[in-house]
Amino acid sequence: MVAAFIMGLISIIAFRIMVEGSQYLRLNQLAIDAQRSGLATMSQLGAGLQNSRQDLIRTDASGVVFASPFKPDGTVAFDVTDNKLEWRKWVCYYYAPPVLTRRELDIATPSSSPGAPPAPSSFGGVPVAKMLGNDFTRFDIQLVTATPPLWSIDVTVGTMTDTSRYGIELHSDVSPRN
């Protein structure tokens with residue numbers, strides 16, 4: 001009888017340790033996912049803005065749009081007659097809380113002067129090229145200085161207040177290579 005009681009007690013303790021361990025692993029996996037998603041987004045967005053021109057960037061509450069000179073194979077389009085980059089597509093980081101997506105729209109006639117970028121809010125119906133994450137609680141990009149151009153990007157993935165979940169806040173300043 002005593003042996004059965006001791007075995008039952010050991011079983012209860014072992015079960016609690018397994019439950020707490022699985023919760024710990026789940027929380028760490030959420031932390032890894034949030035970090036991976038946030039860092040990848042900041043890296044891609046920063047590189048895209050650096051490769052654009054100041055006059056070809058537009059923001060609003062739903063995200064940011066900028067021109068990209070990259071072809072589908074990853075090479076840069078260059079107009080040899082004007083000796084200028086040839087802008088091929090509009091890239092939009094579209095934020096519809098809590099989802100952040102990357103959407104692309106071909107520029108009708110690729111050129112060195114594609115005109116003003118469309119508003120990010122107009123990309124709501126454009127097909128998603130890539131889902132960047134579905135746990136973004138903040139995505140904010142603002143022009144800090146016009147000369148030299150400097151953009152401030154703030155991203156929060158996950159939550160910073162709920163202790164049963166994980167969150168990460170990221171900040172970056174980016175300047176286009178005009």
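**Exercise 1.** Find the bridge partner of R103 in strand 7, and then follow the pairing of strand 6 on both of its sides.

*Solution.* Begin with R103, whose bridge partner in strand 7 is V128; strands here are DSSP runs of E with at least two residues, helices are runs of H or I with at least four residues, and both are numbered from the N terminus. This is a predicted model, in which local features need pLDDT of at least 70, side-chain atom pairs count only at pLDDT 80 or more, and totals for chains, interfaces and linings use all residues. Residues are numbered from 1 along each chain as its sequence is written, and side-chain values use heavy atoms, with hydrogens and water left out.

Next, take the strands as wholes: strand 6 and strand 7 (residues 128–133) run antiparallel and are joined by 4 bridges, where two strands count as paired if DSSP finds at least two bridges between them. Then turn to strand 5 (residues 87–96), which runs antiparallel to strand 6 (residues 99–111) and is joined to it by 9 bridges. Within this pairing, Y93 has R102 of strand 6 as its bridge partner, and a hairpin of 2 residues leads from strand 5 to strand 6.

**Exercise 2.** Work out which strands stand at the edges of the sheet 8-9-10, and place helix 1 against them.

*Solution.* First, write down the order 8-9-10, which belongs to an open sheet of 3 strands with antiparallel pairing. Strand 8 (136–145) and strand 10 (167–174) each have a single partner strand, so they stand at the edges and one side of each is left without a neighbour in the sheet. From one strand to the next the twist averages 10°, with axes fitted to C-alpha atoms (for helices over the stretch in contact) and angles running from 0 to 180 degrees between N-to-C directions.

Second, look at strand 9 (residues 150–158), which 8 bridges join to strand 10, and where V157 stands opposite I168 of strand 10. Finally, helix 1 (residues 2–50) lies across strand 8, strand 9 and strand 10, running at about 15° to strand 10; contact means heavy atoms within 4.5 Å.

**Exercise 3.** State which elements each supply at least two residues of the lining of the largest pocket.

*Solution.* The elements are helix 1 and strand 7, and helix 1 gives the largest share of the lining, 4 residues.
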